[in-house]
Amino acid sequence: MNKKVKILVNIAIFILVVGFVWMMIASLKSDGKPSDAVFETEQSAPFTSPCHQLYDIPLSGPLNRFELKDDKLFVTLGDSVCILTTEGERVAAFKVASDSRDITVDTDEIFLLYPTSVKVYSFTGELKRSFEACSDNSAYCSIAVSGDHLFVTDAQNKNICKYTREGSFVKFIESPREFVVPHYSFDIDIWNDTVYCVNPGRHLIESYTLEGDFIKETGGPDGKDGFFSGCSNPSYITFTPYGTMLASDQGKPRISLYDRNGNNLMQLFNVKNLGVGTEASEIKADKGLYFVGGKNRIVVYQKEKRNG
């Protein structure tokens with residue numbers, strides 16, 4: 001074999017070796033999975049909300065918390081409580097202390113939660129009664145009312161405090177998994193005589209009887225639909241009149257709809273729809289409408305198909 005032929009053979013062998021090595025590297029990178037480019041294309045399909053905006057209700061200041069009851073919105077704004085119709089018309093307003101954490105309404109009373117106390121007002125702003133926290137160093141976060149009892153979450157002591165409606169302490173309710181509360185995000189709600197409470201550090205929603213007995217947990221730590229991720233999610237929970245549950249996340253904000261057993265039905269809103277940065281959006285629902293809290297407004301949406 002002459003020298004020229006040997007050179008050509010060596011070049012051919014070199015090309016084959018390089019090609020083989022390149023194929024092996026590419027195979028190791030993919031590991032049987034689609035390439036990043038394909039994955040991003042499949043996963044980045046634009047999210048389309050099943051809801052469309054009807055109107056928004058501008059507020060006179062930054063929204064703190066709000067409640068929806070009997071076609072009225074009860075809104076805390078700094079040092080005041082405003083009562084609005086669901087169309088945004090003001091019904092009443094009165095001054096309160098400025099550090100309230102939550103608001104709920106039952107019958108003809110407004111319950112305002114503060115870090116270490118509960119204050120109860122009439123719809124005209126009359127202070128009817130108040131009581132202090134039953135524990136030292138409490139940091140109350142959220143309140144729910146059912147009949148003759150109140151349920152309050154305490155981020156400092158990591159429990160639920162049960163009171164009578166008049167303010168007498170009844171008992172502490174502890175989570176069998178222990179409540180983990182990285183931030184002051186410890187929401188609670190009641191539907192159909194069942195207490196629902198977030199366990200944000202464990203990415204769970206837990207349910208209890210009105211007596212405080214544990215029923216079950218739903219959710220878990222995962223970024224998939226029906227689960228929760230980040231350092232403290234879910235942030236808010238509430239219920240539709242049909243018993244479906246709404247859960248709101250922070251970090252990459254989204255609001256999702258769940259059935260009565262805690263199974264995910266659909267995502268209603270994502271971070272682009274909500275436009276609130278990294279903050280979670282409080283939401284209430286009634287008569288096929290969704291009321292989503294923003295910084296200085298409440299936006300009203302309607303779902304295209306009324307199945308929740």
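1. A disulfide here is a pair of cysteine sulfur atoms within 2.5 Å. By that rule this predicted model has a count of zero disulfides. The pair to look at is Cys161 and Cys134: the sulfur of Cys134 is the closest cysteine sulfur to that of Cys161, but at 4.2 Å it is too far for a bond. For context, a disulfide is a covalent bond between the sulfur atoms of two cysteines.

2. Still on cysteines, burial is worth a quick look. Cys161 is buried, with a relative accessible area of 0%. Cys231, on the other hand, comes out as partly exposed, at 49% relative accessibility. That value sits under the 50% that an exposed residue has to exceed, so Cys231 stays in the middle class.

3. Now the overall make-up. I see three helices and 24 strands in the protein. Of the 308 residues, 47% are buried. Taking contacts with a separation of 6 or more, 44% are between residues 24 or more positions apart.

4. Which strands pair with E24? E1 (residues 51–58) runs antiparallel to E24 and is joined to it by seven bridges, and E23 (residues 289–293) also pairs with E24 in the antiparallel sense, over five bridges. Between E1 and E24, Gln53 stands opposite Tyr301. On the E23 side, Phe291 faces Val300 of E24 as its opposite number.

5. A bit more on E24 itself. The strand spans residues 297–303 and is mostly covered, with five of its seven residues buried. With E23 it makes a hairpin that has three residues between the two strands. As a general reminder, side chains in a regular strand alternate between the two faces of the sheet.

6. On to the pockets. The largest pocket holds about 630 Å³ of space. Its lining has 31 residues, and those nearest the centre are Glu67, Leu68, Asp189, Ile190 and Phe239. Strands E2 (66–69), E6 (102–106), E10 (140–146), E14 (188–191), E18 (236–239) and E22 (283–286) each put at least two residues into that lining. By class, the lining splits into 13 nonpolar, six polar and twelve charged residues.

7. The second largest pocket has a volume of about 500 Å³. There are 22 residues in its lining, with Asn64, Arg65, Tyr236, Glu279 and Ala280 nearest the centre. Here the classes come to seven nonpolar, nine polar and six charged residues.

8. The loop between E17 (214–219) and E18 deserves a point of its own. Ser232 is in this loop, yet Ser232 is buried, with a relative accessible area of 0%. What does Ser232 touch, not counting residues up to four places away in sequence? The list is Pro182, His183, Ser185, Pro200, His203 and Gln250.

9. Pro234 is found in the E17 to E18 loop too. The peptide bond from Asn233 to Pro234 is cis, with omega near 0°. I'd flag that bond because most peptide bonds are trans, just as most residues other than glycine have a negative phi.

10. On phi, there are two residues to check. Thr107, in the loop between E6 and E7 (109–114), has phi near 55°, a positive value in a residue other than glycine. Lys158 has phi near 55° as well, again positive and again not a glycine, and Lys158 lies in the loop between E11 (149–154) and E12 (159–164). Are these residues buried or exposed? Thr107 counts as exposed, at 57% relative accessibility, while Lys158 is partly exposed, with a relative accessible area of 35%.

11. Last, a second serine. Ser117 lies in strand E8 (residues 117–121). At 7% relative accessibility Ser117 counts as buried, since the cut-off for that class is under 20%. Leaving aside neighbours within four places in sequence, Ser117 is in contact with Leu112, Phe131, Glu132, Ala133 and Tyr140.

Terms used
Residues are numbered from 1 along each chain as its sequence is written. This is a predicted model: local features need pLDDT of at least 70, side-chain atom pairs count only at pLDDT 80 or more; totals for chains, interfaces and linings use all residues. Side-chain values use heavy atoms; hydrogens and water are left out. On a 1 Å grid over the protein atoms alone, a cavity is a set of points where a 1.4 Å probe fits but cannot get out, and a pocket is an open set with protein on both sides within 12 Å along at least five of seven lines; lining residues have an atom within 4 Å of a point. Grid points are joined across faces, edges and corners, and a volume is the space filled by probe spheres set on the points. Helices (H or I, at least four residues) and strands (E, at least two) are DSSP runs, numbered from the N terminus. Ala, Val, Leu, Ile, Met, Phe, Trp, Tyr, Cys and Pro count as nonpolar, Asp, Glu, Lys and Arg as charged, and the others, Gly among them, as polar. Buried means under 20% relative accessible area, exposed over 50%, partly exposed in between (1.4 Å probe, protein chains only). Contact means heavy atoms within 4.5 Å. Two strands pair if DSSP finds at least two bridges between them.
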